[in-house]
2 protein chains.
Amino acid sequence: MPTISDVARITGLSKSTVSRVINNHPYISSQKREKVLKAMEEIGYYPNPSARRLRGHTSNTIGVIVPRIVNPFFSYLVNSIEQEAFKNNYQVIIFQSNDLKDKELYFLNLLKNRQVDGIIMTSIENDWETIEPYMQYGPVLLCNEYVNQSSVSKVRLDQKKGAYMGTEHLINKGHQKIAYCTGGLFAGYGRDFDRNTGYQKAMDKHQLTPNPNWIFIQRHSIEDGKKVVKEILSMNDKPTAIFSGSDEVAAGIIIEAKENGLKIPDDLAVIGFDDQPLAEIVDPKLTTIKQPIDEMGIKSVELLIQMMNSKDSMVEEVQLPIQLIEREST
Amino acid sequence: MPTISDVARITGLSKSTVSRVINNHPYISSQKREKVLKAMEEIGYYPNPSARRLRGHTSNTIGVIVPRIVNPFFSYLVNSIEQEAFKNNYQVIIFQSNDLKDKELYFLNLLKNRQVDGIIMTSIENDWETIEPYMQYGPVLLCNEYVNQSSVSKVRLDQKKGAYMGTEHLINKGHQKIAYCTGGLFAGYGRDFDRNTGYQKAMDKHQLTPNPNWIFIQRHSIEDGKKVVKEILSMNDKPTAIFSGSDEVAAGIIIEAKENGLKIPDDLAVIGFDDQPLAEIVDPKLTTIKQPIDEMGIKSVELLIQMMNSKDSMVEEVQLPIQLIEREST
DNA sequence: TTGTAGGCGTTATCAC
DNA sequence: GTGATAACGCCTACAA
């Protein structure tokens with residue numbers, strides 16, 4: 001593997017000059033610049049990232065924390081991030097927190113060693129007070145999940161509006177008994193809180209009061225969705241529609257409802273969130289709230305790179321549009 | 001961020017001694033070892049990976065090349081790899097080749113800079129002659145995709161048997177006109193070749209000859225599956241069953257077949273490959289060949305770590321079992 | 001069993 | 001404009 005010294009030797013110049021060319025410094029005769037460039041090309045020289053990192057430069061590596069990559073929402077997000085990063089000459093290290101506080105912290109630690117230049121967090125496990133101190137070691141960007149803190153950059157959606165739209169869509173279809181199913185707990189802030197608020201706002205506006213039994217929390221998987229149906233079937237007062245915070249849970253609901261002879265959307269209308277590929281696979285096809293995943297990834301990388309390059313810490317917040325996709329399940 | 005010098009200063013020992021403790025060298029008085037360990041703990045010392053890398057040591061990083069992470073097969077594989085790597089204190093850099101030769105080569109290049117200690121390739125784009133030279137820079141392991149080369153380690157399945165089982169299953173159900181749908185071209189070796197061979201072998205054994213029109217190549221997505229159905233519908237001599245090399249294509253086939261009024265499995269039996277989650281979502285549920293993805297990932301990491309630790313290059317081949325999951329589509 | 005010194009490849013600083 | 005040199009943090013001959 002050729003080094004900067006090799007280039008220097010071949011061109012008869014000093015390492016400093018070569019380094020300057022590499023880093024696009026001014027004050028170099030274009031004649032020598034050409035010479036260096038040519039030599040680099042010839043011997044296939046490529047700067048050693050470890051050395052750069054050690055010397056205090058950037059590592060051209062960004063870390064992405066996801067709860068789990070097998071969730072299509074996150075694999076699509078990672079896809080978009082990786083593509084955009086590659087375009088900008090960055091590599092992506094992927095971390096799965098598995099909803100574990102410790103693992104999340106461990107990953108955040110890599111910022112200290114400059115293992116990564118910056119981190120995109122797509123989920124948050126620890127309290128913000130725990131996470132915030134890590135920001136002094138390098139830029140941290142929140143994508144998808146967020147907190148109500150003005151000190152951190154975010155790329156996010158209007159979750160409140162999304163849930164509002166979905167709920168109102170069901171109301172417009174004539175439903176009054178609308179169940180609500182979320183992945184989170186009833187947190188006091190962030191993504192899930194905003195969704196909850198959106199649902200409530202829509203219900204309130206139409207003077208509807210949900211039966212507390214119709215509120216399901218911490219549901220994530222297809223299996224969870226199936227269980228929701230079982231619970232509903234055992235109720236005296238059953239909902240006629242259900243808003244689910246994830247397409248996967250919604251898919252589970254549809255599958256199990258059909259098994260039990262329920263007609264969708266007649267007996268039970270279902271609306272999901274994400275617009276994952278399975279929304280078109282499930283039968284009937286799923287009405288859902290589409291999140292602009294690709295744009296989120298692209299914007300996140302763009303912003304993070306800006307943050308890494310700006311000397312003083314900058315904070316920016318980007319909000320992307322959200323959209324209702326009506327299919328057959330409502 | 002504390003360095004080895006800090007630990008040395010605090011303990012009153014030299015950097016060498018500290019380094020020896022870190023690297024578990026023999027010939028250290030257990031008394032001093034304790035002292036060092038304690039100091040490291042206290043100040044939260046963690047070796048700087050860049051420095052280690054530069055000095056010629058390992059980076060505790062492995063690279064994984066996948067064609068695309070949004071394909072559930074690969075996201076599950078990456079999940080398993082990341083989990084196992086984390087257990088062993090390794091980080092995972094993820095690369096998407098997007099079926100591009102250049103991108104694949106670019107990633108392989110990182111082996112030279114010791115950006116990664118080893119690479120797991122889950123797909124192969126370039127000719128083997130092009131890839132082989134990179135193996136001198138570090139261990140490369142083939143997982144899932146493979147070539148008929150004894151000089152490289154592999155973790156793979158008996159693809160031939162898988163395709164054979166699937167095809168014979170259809171034959172046993174009374175089908176004679178069996179279409180075949182693969183993601184690859186008709187390569188002369190490797191995974192897809194073995195699958196093709198398995199299909200042919202099963203057909204031959206039962207003295208069946210497929211209509212050449214029933215052979216579909218380079219089909220990957222749900223959309224591709226839908227197109228296959230359209231093509232079939234326009235044929236005079238139609239197959240009654242179809243073996244698909246991927247669950248996604250199979251799902252597309254089922255969806256489009258239903259749209260066109262075909263009953264599954266009566267009018268068209270469908271069998272997939274992978275056992276992805278969608279196999280249980282699609283209606284009717286998909287019969288498929290299950291690949292032990294988790295074991296593949298675990299075994300790959302295990303093996304790669306062994307390879308990275310062994311001084312002389314070792315080559316090993318692991319073959320994992322494969323299994324038919326019968327559901328409703330056949 | 002422990003310490004000293006040098007170098008991995010790069011870039012920033014200071015000279016010229 | 002260009003070059004020598006030190007330093008980033010770590011590990012390993014070599015010496016003691």
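## A loop proline and other backbone features

P284(B) is placed in the loop of chain B that runs between α12 (278-281) and β10 (287-290). In this predicted model, the peptide bond leading from D283(B) to P284(B) is cis, with omega near 5°. A cis peptide bond also joins I264(A) and P265(A), where omega is about 10°. P265(A) belongs to the loop between α11 (247-259) and β9 (269-274) of chain A.

Two aspartates of chain B have positive phi values. D99(B), although not a glycine, has a phi of about 65°; this residue sits in the loop between β2 (91-96) and α6 (101-109) of chain B. D99(B) is partly exposed, its relative accessible area being 34%. D274(B), likewise not a glycine, has a positive phi of about 130°. D274(B) is part of strand β9 (residues 269-274) of chain B and counts as buried, at 8% relative accessibility.

## Relation of the two chains

A turn of 180° with a shift of 0.1 Å along the axis lays chain B on chain A with an RMSD of 0.2 Å. The two copies are thus related as by a two-fold rotation axis. Of the interface residues of chain B, 100% are also interface residues in chain A, so the copies meet through the same surface.

## Nonpolar cores

In soluble globular proteins, nonpolar side chains tend to be buried together. The largest nonpolar core of this model has 90 residues, and those with the most contacts inside it are I62(A), I120(A), I62(B) and I120(B). Apart from this core lies another, of 50 residues, which includes F216(A), V228(A), F216(B) and L286(B).

The surroundings of I62(A) illustrate the packing in chain A. Leaving out residues up to four places away in sequence, I62(A) touches I81(A), A85(A), Y90(A), Q91(A), V92(A), I93(A), V116(A), G118(A), I120(A), V301(A), L304(A) and M308(A).

## Contacts with DNA strand D

There are 26 residues around DNA strand D, of which T17(A), R20(A), I4(B), Y45(B) and R52(B) come nearest. Among the atoms of this strand within 4 Å of the protein, 59% belong to sugar or phosphate and the rest to bases. The residues of the surface near DNA strand D comprise eight nonpolar, 11 polar and seven charged.

Several side chains of chain A approach the strand through polar atoms. An N or O atom in the side chain of S16(A) is 2.8 Å from a base nitrogen of DNA strand D. A phosphate oxygen of DNA strand D is 2.4 Å from an N or O atom in the side chain of T17(A), and another polar contact places a side-chain atom of K32(A) 3.0 Å from a phosphate oxygen of DNA strand D. The elements giving two or more residues to this surface are α2 (15-22) and α4 (49-55) of chain A, together with α2 (15-22) and α4 (49-55) of chain B. The largest share, four residues, comes from α2(B).

## Contacts with DNA strand C

DNA strand C also has 26 residues around it, and I4(A), S16(B), T17(B), R20(B) and R55(B) come nearest. Sugar and phosphate account for 58% of the atoms of DNA strand C that come within 4 Å of the protein. The surface near DNA strand C is made up of eight nonpolar, 11 polar and seven charged residues.

Here polar approaches are made by chain B. An N or O atom in the side chain of T17(B) is 2.4 Å from a phosphate oxygen of DNA strand C, and one in the side chain of R20(B) is 2.5 Å from a base oxygen of this strand. A polar side-chain atom of K32(B) lies 3.1 Å from a phosphate oxygen of DNA strand C. Two or more residues of this surface come from each of α2 and α4 of chain A and α2 and α4 of chain B. The largest share, four residues, is given by α2(A).

## Two buried polar side chains in chain B

T11(B) lies in helix α1 (residues 4-11) of chain B and is buried, with a relative accessible area of 6%. A polar atom of the T11(B) side chain is 3.1 Å from the backbone oxygen of A8(B). Beyond four places in sequence, T11(B) touches V18(B), K35(B), V36(B) and A39(B).

H175(B) occupies the loop between α8 (159-172) and β6 (178-181) of chain B and counts as buried, at 12% relative accessibility. The side chains of H175(B) and T240(B) make a polar contact of 2.8 Å. Apart from its neighbours within four places in sequence, H175(B) is in contact with L170(B), L208(B), T240(B), A241(B) and A269(B).

How values were computed
Residues are numbered from 1 along each chain as its sequence is written. Chains are lettered from A and ligands numbered from 1 in the order in which they are written. This is a predicted model: local features need pLDDT of at least 70, side-chain atom pairs count only at pLDDT 80 or more; totals for chains, interfaces and linings use all residues. Side-chain values use heavy atoms; hydrogens and water are left out. Copies are superposed by least squares on the C-alpha atoms of residues with pLDDT of at least 70 in both. Contact means heavy atoms within 4.5 Å. A nonpolar core is a set of buried Ala, Val, Leu, Ile, Met, Phe, Trp, Tyr and Cys residues joined through side-chain atoms within 4.5 Å. Buried means under 20% relative accessible area, exposed over 50%, partly exposed in between (1.4 Å probe, protein chains only). A residue is near a molecule or strand if one of its heavy atoms lies within 4 Å of it. A polar contact is a pair of N or O atoms within 3.5 Å; within protein, one must be able to donate a hydrogen and the other to accept it, and residues adjacent in sequence count only if both atoms are side-chain atoms. Ala, Val, Leu, Ile, Met, Phe, Trp, Tyr, Cys and Pro count as nonpolar, Asp, Glu, Lys and Arg as charged, and the others, Gly among them, as polar.
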